[in-house]
Amino acid sequence: MRMRHVFAISALLLLTAIIAGCSGGENGAETQTAAGTEMPSGTGHGDVLAAYPADTLDDLVSAELLSVDAASADGHGSLMVILDDAATIPLYETGDLDVENAFLGYHAKLRTKGLEGEATLEMWCVFDEVGEFFARGLDNPVSGTTDWVDAVTLFRLEVGQNPDNVKLNLVVTGPGTVWIDDIRLTKAPLAD
């Protein structure tokens with residue numbers, strides 16, 4: 001009986017630590033990238049954990065709504081979506097990562113044409129024992145008609161916060177055309 005109480009208290013403390021350290025909310029709570037979560041200066045975008053050139057439909061979570069287009073930020077093609085309404089488009093999942101005590105960065109290049117809403121990057125960190133938490137780049141949305149722009153969403157992971165999976169999505173809040181290219185997941189050390 002006493003062991004169950006110790007386990008329950010430990011689980012509650014871990015959950016509290018994860019919620020306090022995350023830049024996102026649980027179960028779809030809309031949040032911005034937390035203030036003070038900029039990448040530390042001098043580290044660039046951090047170490048690349050995964051890179052997705054976005055010039056093929058292979059390895060996507062779902063290719064629904066997406067097509068490959070010749071327009072590209074890196075010269076090799078990009079993913080394009082033409083929407084009549086808002087949508088969240090699941091792109092990639094990483095599976096288990098060995099990363100904690102770091103900023104996890106979801107970087108991509110976005111381009112838009114006639115976008116009446118906004119396009120942002122969304123990253124979900126999945127912790128099997130506690131739940132899913134997300135960060136969305138609400139501080140740097142893209143809308144209207146633009147050339148290629150850099151977009152980033154950051155998620156702060158404290159010591160012991162090691163995600164079992166990371167989901168990378170594109171969120172579009174209205175009709176228009178969006179291209180996404182040069183997708184990278186990076187890690188950078190937390191500032192002292």
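The following exchange introduces the fold, core, charged pairs and some single residues of this structure.

Trainee: What kind of model is this, and from which number are residues counted along each chain?

Mentor: This is a predicted model in which local features need pLDDT of at least 70 and side-chain atom pairs count only at pLDDT 80 or more, while totals for chains, interfaces and linings use all residues. Side-chain values use heavy atoms, with hydrogens and water left out, and residues are numbered along each chain as its sequence is written, from 1.

Trainee: How many helices and strands are there in the protein?

Mentor: Helices (H or I, at least four residues) and strands (E, at least two) are DSSP runs, numbered from the N terminus. From that end, the elements run α-β-β-β-β-β-β-β-β-β. The count is therefore 1 helix and 9 strands.

Trainee: What percentage of contacts between residues at least 6 apart in sequence join residues at least 24 apart?

Mentor: Contact means heavy atoms within 4.5 Å. Among contacts in the protein between residues at least 6 apart in sequence, the share that joins residues at least 24 apart is 79%.

Trainee: What share of the residues is buried?

Mentor: Buried means under 20% relative accessible area, exposed over 50%, and partly exposed in between (1.4 Å probe, protein chains only). The protein has 192 residues, and the buried ones make up 44%.

Trainee: Which strand gives the most residues to the largest nonpolar core?

Mentor: A nonpolar core is a set of buried Ala, Val, Leu, Ile, Met, Phe, Trp, Tyr and Cys residues joined through side-chain atoms within 4.5 Å. The largest one has 40 residues, of which Leu91, Leu170, Ile180 and Ile183 touch the most other members. Strands that each supply at least two residues include β1 (47-52), β4 (87-93) and β8 (165-172). The element that gives the most, with 11 residues, is β5.

Trainee: How far apart are the C-alpha atoms of leucine 57 and leucine 91?

Mentor: Leucine 57 is found in the loop between β1 and β2 (66-69), and it is partly exposed, with a relative accessible area of 34%. Leucine 57 and leucine 91 are 34 residues apart along the chain, and their C-alpha atoms are separated by 9.5 Å.

Trainee: How many salt bridges does a search of the whole structure find?

Mentor: A salt bridge is a side-chain nitrogen of Lys or Arg within 4 Å of a carboxyl oxygen of Asp or Glu. One of them joins arginine 156 to glutamate 158, with the closest N and O atoms 2.5 Å apart. Across the whole structure, the number found is 5.

Trainee: With which residue does lysine 109 form a salt bridge?

Mentor: The closest N and O atoms of this pair are 2.5 Å apart. Lysine 109 is in strand β5 and its partner is in strand β7, 41 residues apart. The partner counts as exposed because its relative accessibility is 53%. The residue is aspartate 150.

Trainee: Are glutamate 122 and arginine 136 buried or exposed?

Mentor: These two residues form a salt bridge whose closest N and O atoms are 2.3 Å apart. The pair links strand β5, which holds glutamate 122, to strand β6, which holds arginine 136, 14 residues apart. Glutamate 122 and arginine 136 are buried.

Trainee: Which side chain of opposite charge is nearest to aspartate 181, and how far away is it?

Mentor: Aspartate 181 is found in strand β9 (residues 176-189), where it is buried yet has no salt bridge. A polar atom of its side chain lies 3.3 Å from the backbone nitrogen of aspartate 74. Lys and Arg count as positive and Asp and Glu as negative, with His and the chain ends not counted. On that basis the nearest side chain of opposite charge is lysine 109, at 8.6 Å.

Trainee: What is the phi of aspartate 59?

Mentor: Most residues other than glycine have a negative phi. Aspartate 59 lies in the loop between β1 and β2 and counts as exposed, at 68% relative accessibility. Although aspartate 59 is not a glycine, its phi is positive, at about 70°.

Trainee: What is the relative accessible area of asparagine 169?

Mentor: Asparagine 169 has its place in strand β8. Leaving aside neighbours within four places in sequence, its contacts include Leu91, Tyr106 and Glu122. Asparagine 169 is buried because its relative accessible area is 8%.

Key: A polar contact is a pair of N or O atoms within 3.5 Å; within protein, one must be able to donate a hydrogen and the other to accept it, and residues adjacent in sequence count only if both atoms are side-chain atoms.
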